[in-house]
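Colleague: I should like to understand how the terms used for a protein model are justified. Please take me through them one by one.

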Amino acid sequence: MGYKTLCFGLTCILFAYFIYVPIPENIDEPWKAMLFENIGLMGYEKLFSTLVKLDYTQPISDENVTVMDTTFTDIPVRLYLPKRKSERQRPAVIFIHGGAFVLGSCSKCILWQAPLDLLNRLTANKLDAVVVGVDYRLAPQYQFPTPYEDVISVVKFFLEDKTLAEYGVDPTRICISGDSSGGTLAAGVVQQIQNDPEFKNKFKAQALIYPGLQLVDISMPSHQEYEHGPVLSRNMAIELGCLYLTNDKALSQAIRKNQHMPHGSGHLFKLVNWSTFLPEKYRKQHVYTEPVLGRLNTSFSILLDNRLSPLATNDSQLQNLPLTYVVTCQHDILRDDGLIYVSRLRNAGVKVSHDHIEDGVHGALSFMTLPVYLQLGIRIKDKYINWLEENL
């Protein structure tokens, strides 16, 4: 079954190769990016929804890393444990995969997840670190806040002294990382942990790779400039994102018009205002227009929840955040979320390292193994691991 499904997915991808859509000229290896851009023309959701059903794969250890599956508070996790002996406690990285809250896994044979397995292996081996991949439950079967609660449950369990001691982890050298929507979850979890006095063990660092960080304003310059992609279009992001929140189609229609925020949420606009926080070079000739309030018949109060929009958090909550690494990609509708978060964190006194990839596209980290191998993904992987080496 898994083999047939994979063949179907690859056939769709090969067919997409013959369809041309213009993409920005400075993208590295543009024909490959074009390939994934065109999947959107043939039913992105159907292809990826099919691929996500591929079979569970057994963890495979290698000469350097033991890979094993277990559960933390009944949530499946995949552990990457260095084999070499260590006379001191190890650092640890909790990695949260992306996939718009509806796709992805750390334990299934999924085309774009194989690179994340590689990433976690390399991280464990190069840093001599314990790496935890979290298999949180996915929408639309499990909508917000279930995926978030799964991640926070795993994190709380792992940060307990007993668990850290079991895996030989140094409680002062723990990082949480995530790509895309995994970055959304990671950013929200860090804010909760760092600002909760009940937790003795905190994060030393967070690493957010082209994260989506807010649902308050869906008409930022990057949303307008890259409405049609490459890789992730505005329409696709809205459709998949809404599956995380509700079955009500009215929400996605309102988001497209930037008229989805309920009455009483106007105070959030200043926290995500791109005309204030976005570096001038990215504003270009765009004119700021404030989102429209209260146009939906149904009021979605969950849109005020900062677990959905970590960017829409007060400075007092940001001040306690740990050392932060952010990767943003130029040709990405989520670009401005990351750029604004960098500005706000620095304004709040947080130490931030930021890599902006001028030829970058969303999801590039997932394209660093066959059948689609992007040098861009390799570069981002190297930057991420090097930063961890130097700072964790």
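Modeller: Let us begin with Pro145, whose place is in the loop between β4 (130-134) and α5 (146-158). The peptide bond leading from Phe144 to Pro145 is cis, with omega near 10 degrees. The model is a predicted one, in which local features need pLDDT of at least 70, side-chain atom pairs count only at pLDDT 80 or more, and totals for chains, interfaces and linings use all residues. Residues are numbered from 1 along each chain as its sequence is written, and side-chain values use heavy atoms, with hydrogens and water left out.

Colleague: What makes a stretch a helix or a strand?

Modeller: Both are DSSP runs, numbered from the N terminus: helices are H or I of at least four residues, and strands are E of at least two.

Colleague: Which other peptide bond is cis, the one from Gly229 to which residue?

Modeller: That bond runs from Gly229 to Pro230, with omega near 20 degrees. Pro230 lies in the loop between α8 (221-225) and α9 (234-243).

Colleague: Why is Ser180 called buried?

Modeller: Buried means under 20% relative accessible area, exposed means over 50%, and partly exposed is in between (1.4 Å probe, protein chains only). Ser180 has 11% relative accessibility, so the residue counts as buried. An unreviewed UniProt entry lists Ser180 for "active site"; such annotations may be inferred rather than shown by experiment, positions follow the numbering used here, and feature names are shortened.

Colleague: What is Ser180 in contact with, leaving aside its neighbours within four places in sequence?

Modeller: Contact means heavy atoms within 4.5 Å. The partners of Ser180 include Tyr210, Leu334 and His362.

Colleague: Why does Tyr210 count as buried, and why is Ala100 called partly exposed?

Modeller: Tyr210 has 1% relative accessibility, and therefore counts as buried. Ala100 has a relative accessible area of 22%, so Ala100 is partly exposed. Ala100 has a positive phi of about 60 degrees although it is not a glycine; for Tyr210, also not a glycine, the positive phi is about 35 degrees.

Colleague: How do you know that β6 and β7 pair?

Modeller: Two strands pair if DSSP finds at least two bridges between them. Strand β6 (residues 205-209) and strand β7 (residues 323-331) have five bridges, in the parallel sense, so the condition of at least two is met. Leu208, for example, has Val326 in β7 as its bridge partner.

Colleague: What is the order of the strands in the open sheet?

Modeller: The eight strands run β1-β2-β4-β3-β5-β6-β7-β8, with mixed pairing. The edge strands are β1 (65-72) and β8 (352-361), because each pairs on one side only.
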